[in-house]
Amino acid sequence: MYSRMKNIALIRAAGSYWLIAYLLFLVHSGAMAQTVDKKIPGKRAAILTVSLKSQFPIQQAIGLEVMMKPKLSGYLGLGQFSRFYTTVALNALPNKKVEQQMRRQFIKDNLRDGTVFETGFAYHFAKRRRFYAGLNFQNQKFTLPSTTQQLVENYDFLDGQGRKDKILDLVDKNARLREFYETTRIISKVTLQRLGITLGRRFGFSKIPRFGFHTELSAQWNIGSRTAIESSSPIGNVLIKQFAEPILQERTQESFSSFFLPSLTVRVSYALVTR
């Protein structure tokens, strides 16, 4: 236990160190960039850019950014969860209780098809024009394929409302229902709505001015969630409607309601339209 607490403390200390180092780097590089920018005559401003980004520990994504005003831009992006990134991110889920540990491990083992739709806007500072700060919204979707039995026993491990006994009463009276409960795969669908703030810095290339390299530091909070269950077997609808869906909804909200996640993004952009 002491070793585990020590490791957590070291991780937090390392995170604080890199955050401070990153902010100092941005300030220093911003001062250097102002001097360099003055030496580049006839520099054209990007109006529409396309970008590829890696946001650790969330997604790999492609996006479009439009300059709506000289200091304000809007962003739209589509991304896909990275398996390694997701494993790291899920470590931030609550795990103090045994039930929370079981649920987190179930999500880690079964999470599939993670996608992200992102939109947001950024304010580009006038005096430090390579710096920007923004607000973004992410709609994250993923599935948790499993049997109904696996969902009930792992997602609702402590069974605080006594659902398991009620389920066993039903399946003991119906062989086909028991077969569905133990062997038929269901698809649990989870959608998370997350709000974030971003601080970023763009680095230009004097010889290829249409290209840019961005680093961004972000923080996200969960503001809502939706769940649903899909099954190809109609015989199990009674189990899904009465038990599986309430378990999925309640426990998802419990695990993700306080899900705070910082992230670091590396992004490469190309200006499609300039002026």
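**View 1: Glu 230, partly exposed at 42% relative accessibility.** "Partly exposed" sits between buried (under 20% relative accessible area) and exposed (over 50%), with a 1.4 Å probe and protein chains only. Glu 230 pairs up with Lys 189 in a salt bridge, and their closest N and O atoms are 2.8 Å apart. That pair ties together distant parts of the chain, since Glu 230 belongs to strand E7 and Lys 189 to strand E6, 41 residues away. Lys 189 is partly exposed too, at 36%. A salt bridge here is a side-chain nitrogen of Lys or Arg within 4 Å of a carboxyl oxygen of Asp or Glu. Keep in mind that this is a predicted model, where local features need pLDDT of at least 70 and side-chain atom pairs count only at pLDDT 80 or more, while totals for chains, interfaces and linings use all residues. Residues are numbered from 1 along each chain as its sequence is written, and side-chain values use heavy atoms, leaving out hydrogens and water.

**View 2: Strand E6 between its two partners, E5 and E7.** On one pairing, E5 (residues 131-147) runs antiparallel to E6 over 17 bridges, with Phe 131 standing opposite Arg 201 of E6. On the other, 18 bridges join E6 to E7, again in the antiparallel sense, and Thr 198 faces Ser 218 of E7. The link from E6 to E7 is a hairpin of 6 residues. Two strands pair if DSSP finds at least two bridges between them. Strands (E, at least two residues) and helices (H or I, at least four) are DSSP runs, numbered from the N terminus.

**View 3: A nonpolar patch on the surface.** Nine names to look for: Val 66, Met 68, Phe 121, Leu 135, Leu 195, Ile 197, Trp 221, Ile 223 and Phe 260, together showing about 820 Å² of accessible area. Strands E2 (59-69), E6 (185-204) and E7 (211-230) each chip in at least two of these residues. Ile 197 lies in strand E6 and is partly exposed, at 44% relative accessible area. To join a patch, a residue needs over 30% relative accessible area and no salt bridge; like charges are joined within 9 Å, and nonpolar side chains (Val, Leu, Ile, Met, Phe, Trp, Tyr) within 5 Å. Areas come from the Shrake-Rupley method with a 1.4 Å probe, and for residues only the protein chains shown count as cover.

**View 4: The two sides of helix H5 (residues 163-172).** Arg 163, Ile 167 and Val 171 are the buried ones. They span an arc of only 60 degrees around the axis, so they sit on the same side of H5. The arc is taken over the directions from the helix axis to the C-beta atoms. An α-helix has 3.6 residues a turn, so residues three or four places apart point the same way. Flip to the other side of H5 and you find Asp 165 and Asp 172 exposed. The buried residues of H5 pack against H4, helix H6 (175-183) and H7. Contact means heavy atoms within 4.5 Å.

**View 5: Helix H4 (residues 148-155) and its buried residues.** Thr 148, Leu 151, Val 152 and Tyr 155 are tucked away from the surface as buried residues. Looking down the axis of H4, they fall within an arc of 105 degrees, so they line one face of the helix.

**View 6: Arg 178 and its two acidic partners.** Arg 178, partly exposed at 28%, has salt bridges with both Asp 172, at 2.3 Å between the closest N and O atoms, and Glu 182, at 2.7 Å. Asp 172 is exposed, with 54% relative accessibility, whereas Glu 182 is partly exposed at 34%. Glu 182 and Arg 178 are 4 residues apart in helix H6, which means about one helical turn separates them.

**View 7: Gly 236, with no accessible area to speak of at 0%.** This buried glycine is in the loop between E7 and helix H7 (237-256). Gly 236 touches Leu 177 and Phe 180, leaving aside residues up to four places away in sequence. Its C-alpha is 9.1 Å from that of Arg 178, although the two are 58 residues apart in sequence.

**View 8: A salt-bridge network.** Glu 99, Arg 103, Asp 156, Arg 163, Glu 250, Arg 251 and Glu 254 are all linked here. Across the whole structure, the search turns up 14 salt bridges.
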